[in-house]
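Student: Before we go through the contacts, could you set out the terms and then take my questions one at a time?

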Amino acid sequence: MELTVEGLSVARGGMPVLEGLTFTLTTGNILILRGPNGSGKTTLLRTLAGLQPPLAGRIGLPPEAIAYGAHADGLKATLSVAENLTFWARVYGTTDIEPALAQFNLKGLRNRAAHSLSAGQKRRLGLARLLVTGRRFWLLDEPTVSLDQASVGLFADAVRSHVAGGGAALIATHIDLGLAAETLDVAPFRADPDRPTRTPTAFDEAFT
Ligand SMILES: Nc1ncnc2c1ncn2[C@@H]1O[C@H](COP(=O)(O)OP(=O)(O)OP(=O)(O)O)[C@@H](O)[C@H]1O
């Protein structure tokens with residue numbers, strides 16, 4: 001299975017952000033997205049995840065194959081750590097949350113309400129959700145924000161083992177994760193900001 005992107009153009013708030021992107025990500029591989037602040041990495045990931053339509057081009061992978069890890073952790077505040085994972089496991093039709101708890105060192109926190117976790121613990125729980133999705137393609141936006149060095153290591157290990165098991169990962173990050181990966185710098189694909197699009201792409205922001 002592969003994610004193929006051909007001639008993709010994406011917009012945010014009615015303004016074109018990136019144009020003419022073409023790349024392929026095959027299972028068993030990691031692609032790191034680089035680019036300065038505001039260059040369009042989040043906009044690209046949102047588009048690939050099916051949260052907004054592209055301006056132009058083709059995305060060759062159904063959104064159902066994708067697990068999207070956004071900036072926000074997306075936790076249910078009043079549910080415990082284990083209940084959060086069980087909730088998402090049911091949504092995605094999987095059952096076993098133990099590997100996800102173990103991978104992100106959450107076993108000792110399993111009965112704690114999500115709202116009572118520290119920022120880094122919340123982020124670990126947000127990332128643990130990836131493991132219960134059962135989805136092959138992980139699209140991750142700055143996944144290591146708030147993580148200490150040990151937790152960054154746990155995350156990198158999770159990505160390595162996901163990819164070794166036939167998954168793939170596309171990760172926007174400003175730090176070196178120590179992963180064997182290709183890099184895609186989006187900077188050369190920046191669109192002309194003076195050429196507004198007429199496609200209404202801002203309407204769906206309230207729902208994502
Ligand atoms: N909600 C929004 N409405 C309108 N424009 C937005 C919105 N969010 C981001 N933008 C603009 O879209 C452009 C691309 O932003 P995007 O978040 O995709 O960049 P990024 O590469 O992910 O940045 P960062 O490294 O800071 O996370 C920027 O010019 C930004 O100001």
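Tutor: A polar contact is a pair of N or O atoms within 3.5 Å; within protein, one atom must be able to donate a hydrogen and the other to accept it, and residues adjacent in sequence count only if both atoms are side-chain atoms. The model is a predicted one, in which local features need pLDDT of at least 70 and side-chain atom pairs count only at pLDDT 80 or more, while totals for chains, interfaces and linings use all residues. Residues are numbered from 1 along each chain as its sequence is written, and side-chain values use heavy atoms, with hydrogens and water left out.

Student: How far from an oxygen atom of the ligand is an N or O atom in the side chain of histidine 174?

Tutor: The pair to look at joins an oxygen atom of the ligand to a side-chain N or O atom of histidine 174. A polar contact is allowed up to the cut-off already given, and the distance computed for this pair is 3.1 Å.

Student: What percentage of the ligand's accessible area does the protein cover?

Tutor: Accessible areas come from the Shrake-Rupley method with a 1.4 Å probe, and for residues only the protein chains shown count as cover. On its own the ligand has 640 Å² of accessible area, and the share of this that the protein covers is 61%.

Student: Which residue has a polar backbone atom 2.8 Å from an oxygen atom of the ligand?

Tutor: Arginine 12 makes its approach through a polar side-chain atom, 3.4 Å from a nitrogen atom of the ligand. The backbone approach to a ligand oxygen, at 2.8 Å, belongs to glycine 38.

Student: Which helix gives the most residues to the shell around the ligand?

Tutor: A residue is near the ligand if one of its heavy atoms lies within 4 Å of it, and 13 residues surround the ligand, the closest being Gly38, Gly40, Lys41, Thr42 and Thr43. The shell divides into two nonpolar, eight polar and three charged residues, where Ala, Val, Leu, Ile, Met, Phe, Trp, Tyr, Cys and Pro count as nonpolar, Asp, Glu, Lys and Arg as charged, and the others, Gly among them, as polar. Helices (H or I, at least four residues) and strands (E, at least two) are DSSP runs numbered from the N terminus. With three residues, the helix that gives the most to this shell is H1, residues 41–48.

Student: Is serine 39 buried or exposed?

Tutor: Serine 39 sits in the loop between strand S3 (30–34) and H1, and its side chain reaches the backbone oxygen of proline 36 at 2.6 Å. Buried means under 20% relative accessible area, exposed over 50%, and partly exposed in between, with a 1.4 Å probe and protein chains only. Because its relative accessibility is 0%, serine 39 counts as buried.

Student: Which residues does valine 186 touch, not counting those up to four places away in sequence?

Tutor: Valine 186 is found in the segment after strand S8 (182–185), and at 0% relative accessibility it counts as buried. Contact means heavy atoms within 4.5 Å. With residues up to four places away in sequence left out, valine 186 touches Leu18, Leu33, Arg34, Gly35, Ser39, Lys41 and Leu44.

Student: Which residue's backbone oxygen lies 2.7 Å from a polar side-chain atom of threonine 47?

Tutor: Threonine 47 is placed in helix H1 and is buried, with a relative accessible area of 2%. Beyond its neighbours within four places in sequence, threonine 47 is in contact with Val10, Gln52, Pro53, Pro54 and Ile59. The backbone oxygen at 2.7 Å from its side chain is that of threonine 43.

Student: Why is H4 largely enclosed by the rest of the structure?

Tutor: Helix H4 (residues 119–133) reaches 22 Å from its first C-alpha to its last, close to the 21 Å expected at 1.5 Å a residue, the expected span being 1.5 Å times one less than the number of residues. Its buried residues pack against strand S5 (66–69), helix H2 (81–92), helix H3 (98–103), strand S6 (137–141) and helix H5 (149–164). H4 is largely enclosed because, of its 15 residues, the number buried is twelve.

Student: What is the relative accessibility of serine 146?

Tutor: Serine 146 lies in the loop between S6 and H5 and has a positive phi of about 75° although it is not a glycine. Glutamate 142 lies in the loop between S6 and H5, with a positive phi near 45°, and is buried at a relative accessible area of 12%. Serine 146, in turn, counts as partly exposed, its relative accessibility being 46%.
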